Every structure is written in structure tokens, then in C-alpha cells.
Amino acid sequence: MRIFLRAKAFSAAAVLLLAVAGCGDDGSGDGGGTQTGATLSMYAFSSSPAEDAVLRKVIDDYNKLGRNTVNLNILPEYDTALQTALAGGSPPDVFYVNDNKLPDLAKAGTLEPIGDKVDNPEDFYESLRNSFTYNGTYYCPPKDFSTLQLVYNVDELAAANVEPPTTWDELSAAAKALTKPNRPGLALNAEFYRWGVFLAQAGGWPTDDGVTKMTMDAAPVAQALQYVTDLHKSGYAADVKAVGTNWGGEALGKGKTAMTIEGNWIVGAMKTDFPTVKYGVAELPAGPSGKGTMAFSVCYGVAKASRNKAAATDFVKFLVSPEKQLEFTKQFPVMPSRKSLADQWLADKPELKAFVAGGDYAKKSVFVPGFKTVVDTLNDGIQGLAKGNKPVAEVVSSTQSAGKDVLGG
Amino acid sequence: MATGTAVAAGRVERPTAPPRPRRRSRIHGRQGLAGWLFVAPALLGLGTFLLAPILLALWVSFRDWSGLAPLDTSTAVGAENYRDLLVESGVVQSDFAKSLRNNLYYVLGVVPAQTALAFVLAVIVNNKLLKGKAFYRTAFYFPSVTSSIAVAFIFIFLFSPSGVVNVLLSALLPGTVETVWLNEPTGAIHAMLGWVGVDSAPGFLGDRRLMGLSYWEWLSGPSTAMLSIMTLAVWTTTGTFMLMFLAGLQNIPEDVDEAALIDGASPRQRFFRITMPLMRPTLFLVLTLGIIGTWQVFDQIYAMTSGGPQKTTLTPAYLIYREGFENSAMGRSAAIAFIVFAVILVFTGVQRWILRGRD
Amino acid sequence: MPAVRRATAYLVLTAAALAFVYPFVLSFATTFKPRDEVATHPVLPWPLMPDSRAWENVLVHSDFPLWTLNSLLVTIGATLLRLFLDSLAGYALARLDWRGRGAVFGLVLAILAVPPIVLTVPRFLVLKEMMLLNSYAGLILPLAVDAVGIFIMKQFFEGLPKELEEAARIDGANIFQTYWRVVLPLVRPGLITLTILSFQGTWNEFLLPLIVVRASPEHWTLPFGLSTLGRGGAGGQTWDYPVMLAGSILTILPVAVIFIVLQRFFVRGIASGAVKG
């Protein structure tokens, strides 16, 4: 009896689905021209209550224009929510795409390439456009970005008579001078998304630019890893976890270190959690190959399965227009992705100049689908280096072979 | 009263005189129909909302679906996912092996601890002479009510270098204890062997490999970070199992106990001869749920460690999440789930056999 | 029991109870701390400068009343369904003799053995096919029956002496009457346990609302709605602990209340004298 009932439910559902699929178009025939009167759905994750409020306001502004209506959903567990929607075949029309998810989404064919459809696409930083390009197609315009730079405690450096370091040697000297008992001069998270800046500064990287080959075994990589490991061994640098905190901002704020490597988001955290600590931002010291850092970004993706692609593109164009970008980023630490807005953004926060400067030489922290396993292996190795229970050669070889498994090279 | 004595002697399971055959077949037939009717709505619910997704997941495990596009974009790959996890040497296999190893120590540590503690607490809280039962019952149950966020926050303040655990240990042991619990990857067994001078893999243990890990690595024991999570797990789950034991204890008819008292049995005899056997179904319940729950541990890893430090808190359930939602490898994710499924069935089967043999 | 021994026993017990409860005291205190104090004095069980910002955020500036109503609707509905359906099934598995009984119980256990996280997307696909998305039915029906509940009730039914049902059957009651009038009242501790655990489980459900009603905020339940507050930024750097903990305390509160209310009934257990000669 229950099988009969279940069959009935399924067949009823199937009939309904077929009926729905029969009518209505699939929206893929849009050439130019603006579609109007569409209702769009958008998924986003929360950055902070203040930023969410600005997002809602900007969407209100767009809705008032009367062309289309956008319904926003700010969701927790964003990756799971987005993936479920995509798997079900009825994704939101517009959604946030984290740069490290771009390759997976692009490969699975979920994104409509709209990168070139916005106003003045050359205005966006090239490194960011690269982050959102996969197999030669530029998929979506970045909404803002962050870079990693050196964040330091102003008073501590002044007391030790130390200037913010600009080379590796100066960094070692500064870390040494700032180290007190149980208080390393530099603390950073033991993971690729921090240590990677040193690889960039030495001219190395886990893969080649096209992410087709593993290059962990190149000399600059070992050099960079050894440099940071030695700093840890000598006690001048440490893993943030080793000083009992979770990330660099907490370590800096609680006085567990004098310098850390973090991104723009540290500004908000310092203001709310550690308002009494005076901090400064300097560009990361240059290594043997020059300056290097990593960029993190998010873009507005339009779903390929969307039925309102033209309307969605119109909405995205609105969001990344210079005026709206400025509105989004003016009061917040995230930086506008348009180069032309850099000066205006810095106007009332000149102390954050270093973060903006990073936009010119940052490396994208993006690889290929399925690379997370390799990054995890590298992180595993870096944790061992920081703790002192793994040699650099082992980390290099284990990451290299893990990467070969994924890249097939 | 006669029935009471029969029960007290522990012969609860034996039925009274069987009904005559003709009556039995009628009862049998009615029971057959009633059985299916009673169970039908539940089966409908389970079938639709649990069994169907499970079968779908099983089917997915034989495909290479990314999970980011509808199912029809995936292709069939036979047993490749299972091969990658179990047989093909590579980082997928060694990660899976590490997760199995870590989870095994977790199961072996947490299940006995939470079962024993829950039982002891239930017996205490059931004691007629205890004053303030309601307070104690509520207090011990409280951690089970909590959510992962609160637990993560509590964990951080308990196990941070200046946290409560270190403060207590510093008070009890000479010198100050400043271990950063969440950051210690050394396995417990390795650590203990280190105290007696065995610092690295002796001979063959280091050479032979199983699923990508040397035997020495398999024998590492749970890392300090994992031990901290296990302690936290026991703290949060004991209350729920205490509740079940309590209900089981309450299920025992009072006059069974009274009859034994009249018969002159000591508290100890009463406990071992009457209470324990009657608690067998509840014990089976608690152990089975414990084994199932521990082999599926995910929330704490997700909220607190993401598998670190150095992959010593990686568990299969967390791998399922990582492969499915971060690595866009849903097929592999499903394959992991069904391997764990098989492991759980084996453990449950063994446990059931051990308990049954006690007749 | 000599007085000293008794006093020590109570002392140990109370210390243990406090150890179990203290972390919540701390969480509660943290909800009244301003954020910078949380960073500098996380261990103090009282706020140095009490601040009601977190509670305002949660209670006033959010859809808290709506979420609570939704949660109550879903939880009470699902709990009642579970009470009824799980015990029916548990009884059938424990006491009735029918073909396929072993197989069905094996199925119940097998369902439990699959890690739930892997079912996230498959469940979504099934619910989508059944047109249950963005609805209350989609939140309640999947929760109406659970394998753990069936398992629990089966074990508790098995713990009962069979004589009672035999007696009732001989007295002429049919199977359902036996079940409803004689057996069910005897497993009251089991039913209470099932009520508490069902209430707790369905109240705390997070994944199901995520996949069913994430696109319809008017259906959001309390734990899901609360998880949208206070979190932000990548990787927890800007977590607003007072707000998050306030949210989690609100989530815990109803379950705790249910427990406190129902656990009284544990004292009145099986009716003695039910087993008559």
C-alpha cells in the first residue's frame, strides 16, 4: 500500500514537472537588449551587519529604478546552500562567487560569462580579472578585494626603535628585536593562505601560472619555506595557535605578538574587539624576487541556468558601477575592485595604502577544481614546519606528489 | 505474587503456557496484519525522506558528480571512487586512512567513557534517597542541550593556554602547564612510547604500509587535540544517554525490586541480578547509538579544527563534507559515506554478538 | 550512611554538577559583555561593563518572534507525529509477530548507519521532486518519523514483561486496545524520553531548513534565523560572540524548559501492582 502511495506521489510530481518544463522558455536566447520586468533572486553571504545593510540599500535603489526586482537572500553556510541550489537545477540568478570556488563552478558549467559586459572592464585590477578567468573565459566582475600585508603594533615598534621592515633581512632583524620571552615578534597562521606570500616574494608558487604543472620542487619554494621555518625555529616567529589565539588579528590585539600578516578585514576586527591597540599597515617585505602578496576576492556570478540572464547582467552592471562600488566600500575595509576608485577610497583612510598597493602585484590564490586536497596537504606540511616536526624537503615532496595526483602531471 | 517471584528470579523472557495451536494461528494472522499496519506510516516516512535519498546517494557514489550542476551532467565511473579511497595509493587514500584511524581512536575512547559515565549518573540520579534529584538531573543533562557554537566557544575558553584546564593542571602538577591543546598533533600512544625511549618507528612497523600509512602511523593514538575534542564529546553526550538509562531504570517494576528485597537479596545482588539484566535492551540501545554517533562525528570537527592540526582530527564525516562541498567531488563524498556505513554495520554487529553471548 | 560520607558524596556530586553547568553560566555572562571585553576577559563569569547590545540585536532588531512561532509550529507538529508513529512502529518491532520484522528493524538500523551529512543534497533533490520546498509541510513531514525514535521505543517495549499483554489479550482486548490502554502507559519513561529527545532534535534542526526554506524567510525557524546573526567574514575573524551566544542561549532555552518540566514525571514510573497474579 505504501509503495502504491509513493508511486502516486512521484508520478504526480513528474507530470507537474513535465508540464512546467513544457511551457516557459529557458532564457538562453538573449542577445543584447535589456530584459525588463523580471524578478531576480540573489544569494549572498554575510560580511558584517553594516555591510549587509549597505547591500540591502543598494538593492533597494536598483528596485526603485523599476527595471527589474531583486529578492536578496543572505545565507549562513553559504557553500552548502549555494551548492544545493545548483545541484537542484534552479539556482539563484545572481550569487556571490568566492575566488577559490570559481574554477569548480566554471568547470561544472554553472556560470554565464558576463565579465566583459560591464562598463569599462579594463578598469578592474588585472590580478583580480585573472582570479575569475578559467580556461580563457572571464566569468564575472569582482565586487571588491583584500590583500595580505604586514600589520604591526605601532607602539611596540617605536619602543624597540624598529622601522617596518622592507626586506627579508630587515624582517628577521625586526622580529628578533621585537621578541620578548613568550612573545614572538611575528605571528601568523600556519597555512598556505599566509605563508604563500613568502613563496611569491621568492619567485615561487605551488603551480605554474596556468595551473597545469606542480612547481613545488622549484628552488625558490624551498628557499621561502626554509626562511619562514628558520624564523619559527629561532623563536622570533610563531604560529598564532601556539600563542593561544585563532588568527593574526587576535594575536596582535591581545598583545601576543608585535607583527602579523593579515588582510583588510583586520581593520573591522581591531575596531570592535581591540579598539585601544594602535596598529599600522606596511607593505610586506620584498624577498629575493621582489614584493609579493595574495589577493582574495568575490565576484557577482550569473547562473547559466537562469531564465533572466539579461536582467541579471543589467543588475550586476549596476552593482559594479563606480558609484555603487564606492558606496559599498567607502566605510568598510574591503577595497573597490576598480583601479580608478583607489584614490577616493584612500581619501579618508590613508593608513591603509599598503593594502591597496598590493593590488598591483598580488598573486591569485586560486587553482583548479579538486585542488583543495593539495592545499590541505600543504597546510598540513606548513603546520609541521611551524611546529618543527617536519623537514622542508618532506613538505615539498608530499605536496608535489599530492598535486600530481590532482593535476595528472 | 507468583508472577512477581518468577520475574524476580530473572526468568522474565520465558512466556507462560502457549495458547492452543488453532488460537495461535488466528492471533498470528492478526499479529501479522497488525504488525504491518502499525509500522506502515513509519515506513512510509522513512522510505520517502530517508531511504530514497540514501539510495540516491548510493547511486551517486558510482558517478563522478561535481554537485554543482544537475545530476544529469555526471557520468558513470563504476567503482572508481571506492578504488581511489581504498586501493589507489595517493593523497585521497592516505587522507581517508588518516580519517579512519582518527575516528577509530575516537570511537574506542568515547563510547566506553560516555556509556559508563551515563550509567553511573543515571543510577545516582535515580536513587530514592537523593535530595535535589531534579537539580542534578537537569545539571547533568544540560550539556546535551547545547549547540555547536556554544560548545566551540566553551571549548576555546576551556582549552586555551590560559584557560581553565591549564589553570587546574598547573594547580595540581608541579610547574605551570601552558599546553596549547588544539595545536598538539602528537598521538597519545606515540607520546607514551616516547616516554620509554621509543621515538620513531621500530623496523618493520615503519616499513609496512596499509592504505598509504605505515603501521607506525596507524598506531599513533589520538592526538592531544583529538583527546580534547573527545573529552568535550563525552561531556555533551553523556546527558542524553543518562536520560535513556534513567528511563530504562524507571521501567523496572517496583515490586520486582521489592520482591527481591523480601527474598533477602543485598543491594549488590539486586543490582547485578535484577537491574543489569533488565537494562540489557537499554544498554544495547546506548551502545549502538554511541557507536553510530561516534563514527559520524562531524559538528565538533567542523566548528573547531577543520581536521587539523596536521590532519589528526580529520574524520570520515568531515571528509564527506570537504569532498562534497569544498572539492566538488560528490561522488567520492558518497563513496566515503557508504564505506563508513559498512564499518558501522560491522561494529554494531560485533557489539550485538558480544551482548547476546551473555545469555 | 554516616554523615561525613554523605556530605562528601554530595560535595563531589555538586562539584560535578557545577562543572557541567559552569560553561553555560559563562556563555550567559558573555552575552552581556561588550565585544572588546570578550576579547580581553573571556574567562570571567560576569561582565565588567554590562551591555545589552547583543540581546537587543537578537530580540528586537531581528525576526525573532516570527522565527520562534515557526519553530514552535514545526517542532510541536513533528514531535507529536514522532510520539505517535515511532511508538507504533517500535511496538510492532518489539512485540508483534509478523513476517519481515527482522528485515524492517535491520532497515531502521541501516538507515541510522549512513552519515547524515551526505544526505544533504539527495534529500533536497527528493523534496524538490515532491514539491515540498518553501513550505511548512516540507519542514514537518521529513521529521515526522525518525529511526532513532523507533529504536528507542522498541528497546523500551522490549524491557516490559510480556505477562501484561498476555493478560490483556486473554481478557479479550484486540491488539490496538492492548497497545493503547495497557502497554503504552507502562512505557511512560520511554515516552518522556522520546518527547524530550524529539523536541530537542526537531527544535535544533538546521540542515533541513537550510535545504527546504532558505529562499523563503517567512518560514525560517529559530536556529536557522539566529545563525544569520553575528557571523560574518571569512573564517570566524569577525564573529560577534555575544550575539551568537545570545542566539544559542535562546535556542537552548525551550529545550531546557521542556526537560525541566517533563523530568518530574520520571519519578512516577511504572505502576507497581500492574503485575497481578
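Colleague: Which exposed residues does the face of α7(B) turned away from its buried side carry?

Modeller: This is a predicted model, in which local features need pLDDT of at least 70 and side-chain atom pairs count only at pLDDT 80 or more, while totals for chains, interfaces and linings use all residues. Residues are numbered from 1 along each chain as its sequence is written, chains are lettered from A and ligands numbered from 1 in the order in which they are written, and side-chain values use heavy atoms, with hydrogens and water left out. A residue is exposed over 50% relative accessible area, buried under 20% and partly exposed in between (1.4 Å probe, protein chains only). On the face of α7(B) turned away from its buried side, the exposed residues are B:Val167, B:Leu168, B:Ala171 and B:Leu172.

Colleague: How many degrees of arc do the buried residues of α7(B) cover?

Modeller: Helices (H or I, at least four residues) and strands (E, at least two) are DSSP runs numbered from the N terminus, and α7 of chain B is residues 164-172. Its buried residues are B:Val165, B:Asn166 and B:Ser170. They are on the same side of α7(B) because their arc around the axis (from the directions from the helix axis to the C-beta atoms) is only 130 degrees.

Colleague: How much area do chain B and chain C bury between them?

Modeller: Contact means heavy atoms within 4.5 Å, and 92 residues of chain B are in contact with 100 residues of chain C. Buried area is the accessible area (1.4 Å probe) that two parts lose on being put together, summed over both. Of the area between chain B and chain C, 78% is on carbon and sulfur atoms, and the total is about 8,700 Å².

Colleague: Which helix gives the most to the side of chain B that touches chain C?

Modeller: Across this interface there are 0 salt bridges, a salt bridge being a side-chain nitrogen of Lys or Arg within 4 Å of a carboxyl oxygen of Asp or Glu. There are 10 residue pairs in polar contact (both at pLDDT 80 or more), that is, pairs of N or O atoms within 3.5 Å, where within protein one must be able to donate a hydrogen and the other to accept it, and residues adjacent in sequence count only if both atoms are side-chain atoms. With 25 residues, the helix that gives the most to the side of chain B is α2 (residues 21-60).

Colleague: How do the residues on that side of chain B divide into nonpolar, polar and charged?

Modeller: Ala, Val, Leu, Ile, Met, Phe, Trp, Tyr, Cys and Pro count as nonpolar, Asp, Glu, Lys and Arg as charged, and the others, Gly among them, as polar. The side of chain B that touches chain C has 65 nonpolar, 19 polar and 8 charged.

Colleague: Which residue of chain A forms a salt bridge with C:Arg35?

Modeller: Chain C and chain A bury about 2,400 Å², with 25 residues of chain C in contact with 27 of chain A. The count between these chains is 1 salt bridge. The closest N and O atoms are 3.2 Å apart, and the partner of C:Arg35 is A:Asp273.

Colleague: Why does the pair A:Arg194 and A:Glu262 tie together separate parts of chain A, and how many residues apart are they?

Modeller: Their side chains meet in a salt bridge (3.0 Å, N to O), and both residues are buried. A:Arg194 lies in helix α8 (residues 192-201) and A:Glu262 in strand β10 (residues 259-263), so the parts tied together are apart in sequence by 68 residues.

Colleague: In which helix do A:Glu327 and A:Lys324 both lie?

Modeller: This pair also meets in a salt bridge, at 3.1 Å, N to O. A:Glu327 is partly exposed, with a relative accessible area of 25%, whereas A:Lys324 counts as buried at 13%. The two are 3 residues apart, about one turn of the helix, and that helix is α13 (residues 322-329) of chain A.

Colleague: How many helices does chain C have?

Modeller: Of the 277 residues of chain C, 57% count as buried. The C-alpha trace of chain C spans about 70 × 65 × 30 Å along its principal axes. Chain C has 0 strands, and its number of helices is 14.
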